[in-house]
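Let's take a walk through a protein structure together, stopping at a few places along the chain. Keep the 3D view open and turn it as you read.

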Amino acid sequence: MATRELFDLEALHLPGSLQEAIEHGEVFTRRWVVETILDLVGYTADRNLADMVIVEPACGTGAFLASITERLSASCRYHRRSLLDAAHAVEALDLLHRNVEHSRELVAGLLLADGWASSEVVKVVHSWIGQGDYLLRECAVQSADFVVGNPPYIRLEDVPDARMSAYRANCPTMGGRADIYVGFYEIGLRSLKPGGHMGFICADRWMRNQYGRNLRELVSRRYSVDLVLVMHDVDAFKEQVSAYPAITIIGNKPQGPAIVADTNGTFGAKEAQALVAWAGKSHHPHVSEQAFHAARLPHWFSGEDSWPAASPARLAMLEDLSDRFGLLEDRSTGTRVGIGIATGADKVFITYRDNEPDVEDDRLLPLSMVRDTRTGVLNWHGAYLVNPWTADGDLVDLRDYPRLARYFAQHGGDLRKRYIAVKQPDRWYKTIDKVDHKLTVRPKLLFPDMKLTIHPVLDDGGHYPHHNLYFVVSDVWDLRVLGGLLLSKVAEAFVSAYAVKMRGGTLRFQAQYLRKIRVPDPSMMSEVDRTALADAFDRRDAQAATSAAMRTYGLSELPD
């Protein structure tokens with residue numbers, strides 16, 4: 001195996017801090033989980049496995065290797081192959097010497113018990129299992145038919161600086177504060193032959209967190225997500241850990257249909273076998289059992305943005321709507337999603353009518369705040385932005401506004417110490433964002449950043465939104481009709497699937513999540529549905545809005 005050419009088994013000394021991190025990050029997988037992954041990637045004894053290559057990047061004490069060995073041995077017997085024919089059929093690595101020795105003893109014992117000659121066993125065991133760092137090895141590109149395992153759970157900042165730099169250099173997807181399992185995904189995917197499959201059980205945070213962005217982009221661009229099996233409440237490991245695990249099966253091929261499945265705490269070996277059996281029946285679109293629910297999607301979600309999280313049935317609905325309807329933000333309708341103004345010093349730039357500063361009247365811009373939207377109807381409480389911007393988008397010349405100049409000078413210490421002022425000292429009194437005066441007069445739908453449910457509020461014009469509010473404007477949509485759509489549980493389903501959820505179930509209605517919402521072509525909507533949506537919006541009746549929206553979207557039900 002190529003690993004032995006790169007690593008002297010006895011000479012690979014690990015820094016104490018790294019060894020401790022590795023030992024802390026070891027989470028060993030239950031046997032039935034391993035068997036499920038091998039079944040899902042197609043590593044079965046009826047295939048001629050001696051001519052294939054399976055890689056286990058972090059073998060630990062042999063949880064995966066035991067099942068791999070038994071299946072490979074059975075395959076050799078079935079196909080009348082010598083064990084030596086399979087000398088290069090397994091590549092297993094681990095950083096810890098004791099894990100390598102334990103795995104070798106385990107595999108040797110299994111092969112000897114199956115009747116293979118000791119001379120053959122010694123040769124293949126030393127060929128199959130070696131000590132080394134998978135993230136730094138010089139592996140041949142597209143050399144593996146299968147890559148399987150449970151990558152270690154170690155934060156990158158817990159790795160010594162020199163090795164961390166080497167990891168980042170070899171694994172470009174490991175951005176930000178990534179766990180090193182991101183690198184295992186990248187190296188594993190790069191090593192797959194065309195048609196090869198990776199099967200990992202690992203934390204699913206990378207599908208949604210910022211540090212997984214580069215990996216999501218790589219997968220979307222070059223590979224096929226075949227299956228995601230969420231196992232957050234399942235006893236999948238030999239120790240109790242809060243890892244939020246999921247099994248992911250990814251193939252080196254164009255994206256095709258995908259399976260998404262969710263489980264509860266009763267999911268175990270028997271239920272896993274039932275799921276594997278269902279997955280092999282392409283004519284069944286969904287399954288619902290006590291321990292799991294699963295659905296087939298026509299394809300997986302693309303791009304580097306956060307991938308959605310929801311029940312299989314709801315994901316199938318969202319994928320169907322995504323295929324049939326356009327995005328909310330659309331140039332053809334002049335519909336745009338944005339965020340209100342950030343100042344960098346709200347205590348200076350935001351004031352109220354009962355305590356107006358001594359500035360020129362045209363420097364006070366009515367500002368809509370989150371508190372103004374609470375009832376569902378805009379109820380302005382008198383906030384103003386002390387506005388340093390002209391109608392043309394330039395900073396005002398303070399010589400033309402002596403009262404404004406005096407006010408800013410009084411607060412100069414707070415304004416000048418902001419990063420934006422330090423960076424541009426001659427523009428020290430600017431807000432972080434410019435004021436777009438055209439937005440002030442436009443009708444717009446406002447969305448508070450944090451809310452338990454979706455909460456569009458109509459501003460008929462005359463106010464500028466604060467940065468805790470997001471807005472939607474449109475050249476074509478009647479905003480009362482659009483407001484009804486966006487008040488519905490259908491629209492909320494998109495945000496809920498993509499958005500970060502705060503404690504207590506609070507959702508973030510930020511621009512990147514609002515842009516995920518799909519909407520019908522307004523010109524194709526019936527007058528009955530338009531009227532029903534507008535009326536529901538006026539009455540703040542989310543249930544009526546949802547009923548009208550479901551008719552508009554052609555939905556017979558809204559899955560949980």
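Methionine 450 has a relative accessibility of 48%, so it counts as partly exposed. In this predicted model, you can find methionine 450 in strand 17, which covers residues 450-451. Together with Val500 and Met502, Met450 makes a nonpolar patch of about 260 Å² on the surface.

Now turn to helix 13, residues 402-410, where Leu404, Ala405, Tyr407 and Phe408 are buried. If you look down the axis of helix 13, these buried residues fall within an arc of 165 degrees, so they line one face of the helix. On the face turned away from that buried side, you will see the exposed residues Ala409 and Gln410. What do the buried residues of helix 13 pack against? Their partners are helix 12 (346-349), strand 15 (383-386) and helix 14 (412-416).

Helix 8, residues 181-190, is another helix to look at. Nine of its ten residues are buried, so helix 8 is largely enclosed by the rest of the structure. Among the buried residues of helix 8 are Tyr181, Phe184, Glu186 and Leu189. Two helices and three strands can be picked out around them in your viewer: the buried residues of helix 8 pack against helix 7 (161-170) and helix 9 (213-222), as well as strand 4 (144-149), strand 5 (192-203) and strand 7 (245-251).

Strand 7 also helps you find valine 234, which sits in the loop between strand 6 (224-230) and strand 7. Is valine 234 buried or exposed? Its relative accessibility is 9%, so valine 234 counts as buried. Leaving aside residues up to four places away in sequence, valine 234 touches Trp32, Thr263, Asn264 and Phe267. Glutamine 131 is 103 residues from valine 234 along the chain, and their C-alpha atoms are separated by 31 Å.

Next, visit leucine 110 in helix 5, residues 97-113. With 25% relative accessibility, leucine 110 counts as partly exposed. When residues up to four places away in sequence are not counted, leucine 110 touches Ala66, Thr69 and Glu70. You can also follow the chain from leucine 110 to arginine 427: these two are 317 residues apart along the chain, and 74 Å separates their C-alpha atoms.

What about the cysteines? A search of the whole structure finds zero disulfides. Take cysteine 76 as an example: the closest cysteine sulfur to its own belongs to cysteine 59 and is 20 Å away, which is too far for a bond. Cysteine 76 counts as buried because its relative accessibility is 0%, and cysteine 59 counts as buried at 4%.

Finally, let's look at the backbone. Most residues other than glycine have a negative phi. Arginine 80 has a positive phi, near 55 degrees, and you can find arginine 80 in the loop between helix 4 (63-78) and strand 2 (90-94). Arginine 80 counts as exposed because its relative accessibility is 77%. For arginine 540, too, phi is positive and near 55 degrees. The place to look for arginine 540 is the loop between helix 20 (527-539) and helix 21 (542-553). At 24% relative accessibility, arginine 540 counts as partly exposed.

Notes: Residues are numbered from 1 along each chain as its sequence is written. This is a predicted model: local features need pLDDT of at least 70, side-chain atom pairs count only at pLDDT 80 or more; totals for chains, interfaces and linings use all residues. Side-chain values use heavy atoms; hydrogens and water are left out. Buried means under 20% relative accessible area, exposed over 50%, partly exposed in between (1.4 Å probe, protein chains only). Helices (H or I, at least four residues) and strands (E, at least two) are DSSP runs, numbered from the N terminus. The arc is that of the directions from the helix axis to the C-beta atoms. Contact means heavy atoms within 4.5 Å. Patches are made of residues with over 30% relative accessible area and no salt bridge: like charges are joined within 9 Å, nonpolar side chains (Val, Leu, Ile, Met, Phe, Trp, Tyr) within 5 Å. Accessible areas come from the Shrake-Rupley method with a 1.4 Å probe; for residues, only the protein chains shown count as cover. A salt bridge is a side-chain nitrogen of Lys or Arg within 4 Å of a carboxyl oxygen of Asp or Glu. A disulfide is a pair of cysteine sulfur atoms within 2.5 Å.
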